[in-house]
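Work through the exercises below with the sequence and the coordinates at hand. Each task is followed by a solution in steps.

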Amino acid sequence: MKKEKFHIEYVFDKVSRRSLWNHLTTPSGLSAWFAEDVSIHDNNYTFSWSKDEQTAEIVSIKPEASVRYRWIDEEDEDIYFQFDIYPIELTGGITLEITDFAEADEKSDTIDLWDSQVEELKRTLGI
């Protein structure tokens with residue numbers, strides 16, 4: 001089945017852009033909410049969960065604004081997951097937009113997983 005692209009947005013109040021950015025791009029930040037352990041070698045990030053391990057490469061980065069990762073074992077090079085940070089001028093908050101891909105029958109489960117992971121991210125940020 002073909003994977004389809006989707007976007008999810010989460011609003012963060014009272015968090016610094018730099019702090020959120022560090023949680024999206026550093027091993028210590030990512031291991032606080034995204035995976036149990038994260039290591040970096042060159043542009044490759046290895047994510048570990050229990051007995052599973054996956055490696056992703058950074059394919060584009062705009063400091064404190066956007067980072068795109070692509071799983072190394074993904075056959076389709078157009079499949080990735082991306083974090084974008086946007087300021088909310090009116091409230092002073094920040095929007096985190098996540099772009100990901102999933103097969104149609106797995107999209108709901110994938111969004112549920114992101115929802116729970118982002119809740120953990122918010123906890124680690126003290127929100």
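**Exercise 1. Place Val-38 in its strand and decide whether it is buried or exposed.**

Solution. The model is predicted.

Step 1. Find the element. Val-38 belongs to strand β2, which covers residues 37-41.

Step 2. Check the cover. The relative accessible area of Val-38 is 7%. Buried means under 20%, so Val-38 is buried.

Step 3. List the contacts, leaving out residues up to four places away in sequence. Val-38 touches Pro-27, Leu-30 and Ser-31, and also Tyr-45, Thr-46 and Phe-47.

Step 4. Compare with the chain start. Met-1 is 37 residues from Val-38 along the chain, and their C-alpha atoms are 29 Å apart.

**Exercise 2. Describe Ser-31, one of the contacts of Val-38.**

Solution.

Step 1. Locate Ser-31. It sits in helix α2, residues 27-33.

Step 2. Classify its exposure. Its relative accessible area is 27%. The partly exposed class lies between the 20% and 50% cut-offs, so Ser-31 is partly exposed.

Step 3. Find its partners beyond four places in sequence. Ser-31 is in contact with Glu-36, Asp-37 and Val-38.

Step 4. Take one distance. Ser-31 and Asp-52 are separated by 21 residues in sequence and by 14 Å between C-alpha atoms.

**Exercise 3. Trace the strand pairings from β2 to β5, with one bridge for each and the turn residue that has a positive phi.**

Solution.

Step 1. Start with β2 and β3. Strand β3 spans residues 44-49 and pairs with β2 in the antiparallel sense over 5 bridges. Here Ile-40 faces Tyr-45 of β3. The β2-β3 hairpin has 2 residues between its strands, and Asp-42 takes a positive phi near 60 degrees.

Step 2. Move on to β3 and β4. Strand β4, residues 52-62, runs antiparallel to β3, with 6 bridges joining them. Ser-48 has Glu-53 in β4 as its bridge partner. Trwo bridge partners also meet at Trp-49 and Asp-52, the latter in β4. Between the strands of this hairpin lie 2 residues, and Ser-50 has a positive phi near 40 degrees.

Step 3. Finish with β4 and β5. Strand β5, residues 66-71, is antiparallel to β4 and joined to it by 6 bridges. Ile-61 bridges to Val-67 in β5. This hairpin has 3 residues between the strands, and Glu-64 in the turn shows a positive phi of about 60 degrees.

**Exercise 4. Work out how strand β7 is covered and which strands pair with it.**

Solution.

Step 1. Count the buried residues. Strand β7 runs over residues 94-103, and 10 of its 10 residues are buried.

Step 2. Split them by direction. Ile-94, Leu-96, Ile-98, Asp-100 and Ala-102 point one way. Thr-95, Glu-97, Thr-99, Phe-101 and Glu-103 point the other way. Residues on both sides are buried.

Step 3. Take the pairing with β1. Strand β1, residues 3-12, pairs with β7 in the antiparallel sense over 10 bridges. Tyr-10 stands opposite Leu-96.

Step 4. Take the pairing with β6. Strand β6, residues 81-87, is antiparallel to β7, with 6 bridges. Ile-85 also stands opposite Leu-96.

Step 5. Inspect the turn. The β6-β7 hairpin has 6 residues between the strands, and Gly-92 takes a positive phi near 80 degrees.

**Exercise 5. Set these parts in the whole chain: what is the order of its elements, and why does it count as compact as a globular protein of its length?**

Solution.

Step 1. Count the elements. The protein chain has 3 helices and 7 strands. From the N terminus the order is β-α-α-β-β-β-β-β-β-α.

Step 2. Apply the globule rule. The radius of gyration is 14 Å, close to the 14 Å that the rule gives for 127 residues, so the chain is as compact as a globular protein of that length.

Step 3. Add the box. The C-alpha atoms fill roughly 40 × 30 × 25 Å along the principal axes.

Step 4. Check burial and contacts. Of the 127 residues, 42% count as buried. Among contacts with a separation of 6 or more, 49% come from residues 24 or more positions apart.

Step 5. Look at surface and charge. The chain exposes about 7400 Å², with 46% of it supplied by carbon and sulfur atoms. There are 13 positive and 28 negative side chains, and the centres of the two sets lie 6 Å apart.

Notes: Residues are numbered from 1 along each chain as its sequence is written. This is a predicted model: local features need pLDDT of at least 70, side-chain atom pairs count only at pLDDT 80 or more; totals for chains, interfaces and linings use all residues. Side-chain values use heavy atoms; hydrogens and water are left out. Helices (H or I, at least four residues) and strands (E, at least two) are DSSP runs, numbered from the N terminus. The radius of gyration is taken over C-alpha atoms; the globule rule is 2.2 Å times the number of residues to the power 0.38. Buried means under 20% relative accessible area, exposed over 50%, partly exposed in between (1.4 Å probe, protein chains only). Contact means heavy atoms within 4.5 Å. Accessible areas come from the Shrake-Rupley method with a 1.4 Å probe; for residues, only the protein chains shown count as cover. Lys and Arg count as positive and Asp and Glu as negative; His and the chain ends are not counted. The place of a charge is taken as NZ of Lys, CZ of Arg, CG of Asp or CD of Glu. Two strands pair if DSSP finds at least two bridges between them.
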